[in-house]
Amino acid sequence: QVQLAESGGGLVQPGGSLNVSCEASGDIVSVNTMGWYRQAPGNRRELVAAISSDGTTNYVDSVQGRFTISRDNAKNTIYLQMNNLKAEDTALYYCNAVIITRDYRGREYWGKGTLVTVSS
């Protein structure tokens, strides 16, 4: 079994910063692309940022220049540093990962989500 555990969400004022992290654990051989998605009430889930195993990153246009995704391969952990947060960044943030397990099959996994609220 594989688990993705997110942490670091919370309440922050507009213009503030927040860092969320996600650790993959369990029956893991290797972790491929990992990323963060978010879903606000009434909206579809959208990709925020993703990072491949070689460090290549991808961001949605609305967070480009404000958010930075990084990863520690030794810890199977990714981080999302969010700066200059806006009210429209308020959402439930989900961790996502493609993981190879000991049966050498690749599957997509999701965390339970961590809430980020940007409000004064």
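**Strand β9 and glutamate 6**

Me: Which residue in β10 stands opposite isoleucine 99?
Reply: Heads-up: this is a predicted model, where local features need pLDDT of at least 70, side-chain atom pairs count only at pLDDT 80 or more, and totals for chains, interfaces and linings use all residues. Residues are numbered from 1 along each chain as its sequence is written, and side-chain values use heavy atoms, leaving out hydrogens and water. Strands here are DSSP E runs of at least two residues, numbered from the N terminus, and β9 runs antiparallel to β10 (residues 106–110), joined by five bridges. Across from isoleucine 99 in β10 you'll find arginine 107.

Me: How many bridges pair β4 with β9?
Reply: Two strands pair if DSSP finds at least two bridges between them. β4 (residues 28–39) is antiparallel to β9, with serine 30 partnering isoleucine 100. The bridge count for that pair is nine.

Me: How many of β9's eleven residues are buried?
Reply: Buried means under 20% relative accessible area, exposed over 50%, partly exposed in between (1.4 Å probe, protein chains only). β9 (residues 91–101) is largely enclosed by the rest of the structure, because its buried residues number nine.

Me: How far from glutamate 6 is the nearest side chain of opposite charge?
Reply: Glutamate 6 sits in β1 (residues 2–7); it's buried without a salt bridge, i.e. a Lys or Arg side-chain nitrogen within 4 Å of an Asp or Glu carboxyl oxygen. Its side chain does have a polar atom 2.8 Å from the backbone nitrogen of cysteine 95, and one 3.1 Å from that of lysine 112. The nearest opposite charge, arginine 45, is away by 8.0 Å.

Definitions and conventions. Helix = DSSP H or I, 4+ residues; strand = E, 2+ residues; numbered from the N terminus. Lys, Arg positive; Asp, Glu negative; His and termini not counted. Polar contact = N/O pair within 3.5 Å; in protein donor to acceptor, adjacent residues only side chain to side chain.
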